[in-house]
2 protein chains.
Amino acid sequence: MADWLTAEEQHAWRRTAAVMTLLPAALDAQLQRDAGLTQFSYLVLAMLSESHDRVMPMSELASMVSSSLSRLSHVVSRLEQQGWVSREPCAGNGRVTMARLTDAGWEKVVATAPGHAAEVRRLVIDAVGPERITDLDAITGAILRRLDPAGRMRANPMTSEVPPAREQ
Amino acid sequence: MADWLTAEEQHAWRRTAAVMTLLPAALDAQLQRDAGLTQFSYLVLAMLSESHDRVMPMSELASMVSSSLSRLSHVVSRLEQQGWVSREPCAGNGRVTMARLTDAGWEKVVATAPGHAAEVRRLVIDAVGPERITDLDAITGAILRRLDPAGRMRANPMTSEVPPAREQ
DNA sequence: AGCTTACACTTGATGCTTCAACTGTCCAGC
DNA sequence: GCTGGACAGTTGAAGCATCAAGTGTAAGCT
């Protein structure tokens with residue numbers, strides 16, 4: 001069996017699969033515990049927090065967080081109910097809806113980011129070690145090119161966020 | 001912002017986050033399309049297919065697929081309804097339930113594995129390239145040690161499967 | 001034995017994600 | 001200026017995951 005993969009490949013793949021299972025769960029757990037947020041909803045808030053004026057068309061936001069418009073719409077509905085995001089029609093383009101990060105939403109991001117960033121550092125950055133960070137970058141880059149040849153994914157904070165202000 | 005991470009670290013992390021989002025989705029899509037299975041339910045079947053006599057206690061199976069017992073129980077219920085797995089009490093230990101891969105389940109795994117393995121090869125193994133496979137292995141190993149210090153994860157097929165027979 | 005604790009599950013409710021269908025808007029061509 | 005198609009979003013139903021609570025069994029203590 002597994003003539004499909006060599007022993008070496010198989011070993012690496014099993015570990016990769018395990019990481020794909022456990023890492024998102026661990027990061028979700030931290031965010032859920034400390035902020036009551038999903039990784040995905042946090043990502044939405046963080047993306048908005050970094051965008052110009054903290055407003056963005058839904059469809060642009062969707063592509064930045066690599067989600068369907070449908071998923072984003074549901075999530076933004078919830079974030080809206082919590083008062084972190086508001087929706088408004090786009091002047092000059094009737095079919096566009098803009099999502100805006102409210103002040104409360106901004107506070108939420110600012111309060112949440114450090115803890116999340118620390119967890120990312122602990123579980124990924126420090127685990128990998130400084131010498132291997134460039135390897136990680138190269139490998140994930142290679143995989144991404146297969147997954148998303150179009151090359152969206154350009155911007156995607158997650159941790160970066162906590163824009164000190166908007167300039168920067 | 002992002003004094004949390006250096007530019008280099010941040011870049012690597014963003015890519016990693018993107019891969020964590022897109023790769024499971026891509027693999028799920030292939031399995032769903034070709035076999036009507038979730039990555040997770042496929043993993044359960046594959047694990048069973050490689051185990052001795054294709055039977056295993058639920059709790060052992062749970063740790064092998066890194067899931068809670070609760071999650072596994074729900075999934076096995078569905079797999080049982082489809083006739084791919086059966087449950088039976090464990091003689092000699094009243095609180096253990098054994099999950100057994102049925103013949104139909106075995107056929108399902110055999111039919112599904114090649115296509116899935118090919119997708120894994122295409123999206124991960126070949127994308128990374130032979131020279132970097134060992135880097136991938138080292139990096140995921142390092143992350144895993146943080147995520148799961150206890151060090152389960154030992155066995156975990158995913159692709160390997162399609163045991164030609166049970167030996168080897 | 002009788003009691004307590006820990007284990008190995010199962011179940012039900014809740015929430016998020018996905019999918020398909022639907023609404024409303026813009027644009028192109030006739 | 002009307003019509004057809006594509007685009008931008010929303011919505012509701014269905015499925016899977018997670019969490020909290022519950023059942024039943026084993027083991028240890030007294």
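A polar contact is taken here as a pair of N or O atoms within 3.5 Å, and the exercises below apply it to a predicted model.

**Exercise 1.** Find which atoms of Met58(A), His74(A) and Arg87(A) make polar contacts with DNA strand D, and which part of the strand each one meets.

*Solution.* Begin with Met58(A), where a polar backbone atom is 3.4 Å from a phosphate oxygen of DNA strand D. Turn next to Arg87(A), which also meets a phosphate oxygen of the strand, but through a polar side-chain atom at 2.9 Å. Finish with His74(A), in whose side chain an N or O atom is 2.7 Å from a base oxygen of DNA strand D. The elements that each give two or more residues to the surface near the strand are α3 (58-64), α4 (69-81) and β3 (93-101) of chain A, together with α4 (69-81) and β3 (93-101) of chain B.

**Exercise 2.** Describe the make-up of the surface near DNA strand D by element and by residue class.

*Solution.* By element, the largest share comes from α4(B), with five residues. By class, the surface has nine polar, five charged and four nonpolar residues. On the DNA side, 63% of the strand D atoms within 4 Å of the protein belong to sugar or phosphate, and the rest belong to bases.

**Exercise 3.** Check the length of helix α5 of chain B against its expected span, and then locate its kink.

*Solution.* The helix has 26 residues (103-128), so at 1.5 Å a residue it should span 38 Å, and the 36 Å between its end C-alpha atoms agrees with this. A kink of about 45° is centred on Arg121(B). After the helix comes Gly129(B), whose phi is positive, near 90°.

How values were computed
Residues numbered from 1 in each chain as written. Chains lettered and ligands numbered in written order. Predicted model: local features only at pLDDT ≥ 70, side-chain atom pairs only at ≥ 80, totals over all residues. Heavy atoms only, no water. Helix = DSSP H or I, 4+ residues; strand = E, 2+ residues; numbered from the N terminus. Expected span 1.5 Å × (residues − 1). Bend = angle between axes of the 7 residues up to and from the residue. Near = heavy atom within 4 Å. Polar contact = N/O pair within 3.5 Å; in protein donor to acceptor, adjacent residues only side chain to side chain. Nonpolar A, V, L, I, M, F, W, Y, C, P; charged D, E, K, R; others polar.
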